Amino acid sequence: MFVMDLKHSKTEGWQLSKNCVQQRFKELLCLSQWTDCAFQVGTEKIEVIHGHKLILAVTSPVFEALFYGPLADEKNQVITVPDIEPHTFHLFLSYVYSDEVNLQSIEEAGELLYVAKKYMVQPLTMTCLYYLVQHTLIRTLWDILYIAEVLNEEELFASCIKIMSRYHYEIWNSENDSLSVGTLCRLLEEDHMNMTEGEVLSMVLDWAKKELTNRGLQDTTQARRRLLEDTGALYRIRFLALPPEELLSLEDVLTEQELLAFKDRQVPHGFCSFTTPRKQVIPVVWRSTRELLSSRSKMWINRGEVVTTIQSSSRVLVIGFEVFTRLAQINDYVRTPAPNSSYRERLVVLIKDPDGKMLQKTEYDRNVHFNSSQCVNLIRPFWFEPNVKYTISISFIGGQYPICTFNDASSKGTKFLFEEVMVVDGSTPIYSSFIMSISYAL
């Protein structure tokens, strides 16, 4: 009579439920059966992880040399891997055994990229690079730039330079991080940049001040000049593209002889000879539009101030808001009888934190059309931190504006939650909004 051994029934015959080699190898890793090598991984949190020499050698020439090469260790000693954390090594083995990996963060992708390069697993290297390039945004710039520089990855580096060229440096600049000399010089070689040459020079001077501080040196005119000379940054600035009045104010940067040469349209030895400004780059701006609630679409007329709180699910750089323009009245057409006539719009936009502290004020002044919408760009882009309620107050001098009820909005994985605060028009309290959409960058 056949008697089943329940002790081994859960693992025996597991191969029969798998439809392909990939599934079998993946299960083999989970069960840790028939392993013949071991790795002591990590430094603070140390873990011994087991594997199969043949599978590892098939994937990596490094493991092939380690296990089957002339210098292979036949004693099967535990291999010490102090430069990789256990979680990352588990991810690596998961890919080796299944050709699959589910990256969850930039940090995870960067650590796994290091492992893939160390063991020369090119497909995994490409997978990590693709993930990192796709996630290169303003808010992730410094993390990815660090990975690019440490691992010397040109593709990642180029992706970061593209972001820095596309936006003004005040947007992506960080108080806690600083460009390396190589990155700064590479950025200065770009022909397309969303900054004037004067702003580029300001960026370089700010960098020099921070770099001297980081090196423990005093920030003096002589020290700054010496640093810019030694790094080569000075010779990558297009001084001939600067307006004459800006050139005259650079006594702290250029010598008297250099100033005279540039004034005469001459190029001192070693300096950049470009006379044309860098080509302007249009930054990528997304718009998240709110859907009008059809069941509550009654239009209310308001004058004075509209207040809304906005909360985003992730860190975004808010560029501006789309709002309504005035409703044309009969006397407006009497003064300007042309169809779709325009008027002078004057708005004041305030951004406040949850405690009511004013963070930014924008005064908007522009000719716009009646019975339409307008994009009110902030005086400078403003970072919305995740899950923080910001109060947006929009005030206007007079006139009649439509306001109505909208849904929340979402775009590019970011959700915007709007909370309409009571608006008073005369003695009528209402809960409606003036903001139709939000423009932002990532």
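## Exercises: a small sheet and the helix on it

Strand S1 (residues 37-41) and S2 run antiparallel, joined by 5 bridges. Keep in mind that this is a predicted model.

**Exercise 1.** Work out the strand order of the open sheet, and find which strands are its edges.

*Solution.* Start with the layout: 3 strands make up the open sheet, in the order S2-S1-S3, and the pairing is mixed. Next, look for strands that pair on one side only: these are S2 (47-51) and S3 (79-81), so they are the edge strands. As for the twist, it averages 30° from one strand to the next.

**Exercise 2.** Find the bridge partner of Cys 37 in S2, then work out which strands H4 touches.

*Solution.* Go to S2 and you'll see that Cys 37 has Gly 51 as its bridge partner. Now bring in the helix: H4 packs on the sheet and touches S1 and S2. Compare directions too, and H4 makes an angle of about 10° with S2.

**Exercise 3.** Decide whether Phe 89 is buried or exposed, and list its contacts beyond four places in sequence.

*Solution.* First, place the residue: Phe 89 sits in helix H4, which covers residues 86-98. Then check its relative accessible area: at 0%, Phe 89 counts as buried because the cut-off is under 20%. With neighbours within four places in sequence set aside, Phe 89 contacts Phe 39, Val 41, Ile 49, Ile 84 and Tyr 119. Finally, try a C-alpha distance: Phe 89 and Gly 42 are 47 residues apart along the chain, and their C-alpha atoms are 9.1 Å apart.

Notes
Residues numbered from 1 in each chain as written. Predicted model: local features only at pLDDT ≥ 70, side-chain atom pairs only at ≥ 80, totals over all residues. Heavy atoms only, no water. Helix = DSSP H or I, 4+ residues; strand = E, 2+ residues; numbered from the N terminus. Buried < 20%, exposed > 50% of the residue type's maximum accessible area, 1.4 Å probe, protein only. Contact = heavy atoms within 4.5 Å. Pairing = 2+ DSSP bridges. Axes fitted to C-alpha atoms, helices over the stretch in contact; angles between N-to-C directions.
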